[in-house]
Amino acid sequence: MFSSSVVNQPSRSLRAALASTVVVLPVFWSMGQLRTWWSPPLDAVVFAVVLAVGLPRAVASLGPRNLPAAVAALLAGAAAAVGCGMLLGETSWEKAAGAVFFAIGVALPVWLRRFGPAGRTSGTVAAIPFLAVLVHPLPDRASWAFLGWMLLAAGIACAWAATIHLLTAPGPAPARPITPARPAPRRAAPSTRMAIQLALAVGAAFAVGQWTDPDHLVWPVLTVLVVHSGNRGRGDVLWKGTERTIGALAGTIIATCLTGTLPAGDNLAIVAIFAILALAAGLREISYAYRAACTTAALAFLYGYFGQTGTSLLAHRLLGVLAGAALGIAAAWFVLPIRTTDVTRLRVGALLAAADDVATSTAAGAPDDAALDRLTASDRELAAVTPTLRAARRFGLGSARQLDRTVTRARVLAQEVTAIAARPPGPATDSVTDADAALGPKLADLARQITRARRALRP
């Protein structure tokens with residue numbers, strides 16, 4: 001029933017892999033048709049494919065009326081990302097300007113989260129091109145024609161992703177949880193703090209990359225973006241950053257050894273890239289470590305396709321991954337840090353508030369569907385931080401470990417309330433069955449337990 005269900009993980013992983021593959025293949029075919037008649041740069045083909053990998057998940061929750069705004073956000077993000085990439089391909093002050101603009105460009109979508117679901121969705125879509133523009137190993141060409149091809153590639157990827165989304169998921173977008181009211185913060189909003197963290201980490205990654213390996217300065221930046229994706233507090237960044245770093249190191253080592261057996265330009269590398277990207281989309285639902293391993297392996301095959309292989313390149317990749325992970329984690333912990341404990345308390349509060357609304361409406365004889373949707377969405381949000389809490393409890397680190405049992409108890413209460421609210425109505429008769437008669441006391445007891453849990457949650 002809930003998003004963390006182990007039983008549903010294989011099916012969700014399979015759906016994610018299929019969703020990515022169904023979009024990637026027609027996008028690659030469309031770009032191949034363009035290469036039949038014209039001569040778009042290979043950068044545009046790679047750019048379109050990488051966008052196609054990230055777009056299905058980004059637009060999964062959008063309704064038809066939200067898609068135009070998402071398309072506009074994608075094209076604006078693509079233009080900004082490609083412009084930054086062209087500056088990074090230059091020398092001297094142009095490269096420095098490109099790094100600064102790139103850091104601002106990836107931080108701005110995070111800051112947009114302060115404007116609610118619309119800002120969050122637009123920011124998520126606009127951020128995808130910044131990751132995609134770092135993937136290909138070829139330098140960007142500073143020309144209007146190159147910019148046009150890249151924007152066309154973004155349009156093709158967006159068109160296929162939107163079309164397939166509308167054909168396969170025409171229903172309304174799922175509800176988002178409502179965060180409980182709280183006093184006005186005396187510090188900057190979390191979205192602002194996360195944006196500043198990311199901007200500084202990316203800027204530092206560019207500096208470290210330029211200092212240690214100017215020819216491959218994107219590796220630390222890529223790792224910072226991966227570590228900070230889905231930032232839910234400093235503890236979350238530390239745990240998931242560790243997972244992603246281990247996965248990225250494993251994927252880099254394995255794929256670099258395998259690509260050494262393939263000559264440059266071998267089509268088997270392209271087949272391996274598509275297979276690994278589909279696997280990465282599915283394994284993301286299980287663990288970030290697997291996804292990071294698959295993603296870096298796909299990048300290693302891509303670089304090998306262009307002739308960049310060998311043990312010396314492996315050393316540069318490992319150094320870039322480690323440096324980027326260290327910078328990303330350090331920024332989350334020491335630059336305007338956000339405590340995972342605070343994030344968890346807010347999400348538990350949202351879950352319990354929604355559970356209380358569902359219990360009250362069900363006891364009145366009319367279950368509130370909107371409250372039930374909020375309850376499901378709140379549980380999904382809370383499930384995202386449970387791996388971090390369990391890791392903190394397992395290793396005995398951080399104050400967040402003390403909330404592991406609180407989260408488990410809150411989710412059990414929510415599950416019991418949902419089971420009663422979703423119970424199919426019995427036949428319309430004048431008599432009341434024993435089961436129906438027992439629901440009232442059961443709901444009253446659940447409401448009391450929810451009230452006690454909400455009081456105990458207060459610091």
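What share of the 459 residues in the protein is buried? Buried residues make up 47% of them, and since everything on this tour is read from a predicted model, the values that follow are computed from its atoms.

**The whole chain**

Begin with the full protein in a cartoon view, where the secondary structure comes to 17 helices and zero strands. If you then switch to a contact display and keep the pairs of residues at least 6 apart in sequence, 81% of those contacts join residues at least 24 apart. Turning on the surface shows about 22000 Å² exposed by the protein, with carbon and sulfur atoms supplying 65% of that area.

**Thr344 in helix α13**

Select residues 340-363 next, which form helix α13, and pick out Thr344 within this helix. Thr344 counts as buried because its relative accessibility is 0%, against a cut-off of under 20%. With residues up to four places away in sequence set aside, the residues that Thr344 touches are three leucines and two valines, namely Leu382, Leu389 and Leu403 together with Val385 and Val407.

**Thr388 in helix α15**

Move on to residues 386-395, the span of helix α15, where a second threonine, Thr388, is found. Thr388 is likewise classed as buried, because its relative accessibility is 5%. To see its surroundings, leave out the neighbours within four places in sequence and display Gly235, Asp236, Trp239, Lys240 and Thr340, with which Thr388 is in contact. Thr340 is a useful link back to the previous stop, for residue 340 belongs to the range given for helix α13.

**A nonpolar patch on the surface**

Now select Val100, Phe101 and Ile104, which form a nonpolar patch on the surface and together have about 290 Å² of accessible area. Val100 can be located in helix α4, which covers residues 93-111. Is Val100 buried or partly exposed? Val100 is partly exposed, because its relative accessible area is 47%, a value that falls between the limits of 20% and 50%.

**The cysteines**

For the last stop, select Cys158 and Cys294, and colour them by accessibility. Cys158 has a relative accessible area of 10% and is therefore buried, while Cys294, at 9% relative accessibility, counts as buried too. How many disulfides does a search of the whole structure find? The search finds zero, so there is no pair of cysteine sulfur atoms within 2.5 Å to display anywhere in the model.

Conventions
Residues numbered from 1 in each chain as written. Predicted model: local features only at pLDDT ≥ 70, side-chain atom pairs only at ≥ 80, totals over all residues. Heavy atoms only, no water. Helix = DSSP H or I, 4+ residues; strand = E, 2+ residues; numbered from the N terminus. Buried < 20%, exposed > 50% of the residue type's maximum accessible area, 1.4 Å probe, protein only. Contact = heavy atoms within 4.5 Å. Areas by Shrake-Rupley, 256 points an atom, 1.4 Å probe, with all protein chains shown as cover. Patch = residues over 30% accessible without salt bridge, like charges linked within 9 Å, V, L, I, M, F, W, Y side chains within 5 Å. Salt bridge = Lys/Arg side-chain N within 4 Å of Asp/Glu carboxyl O.
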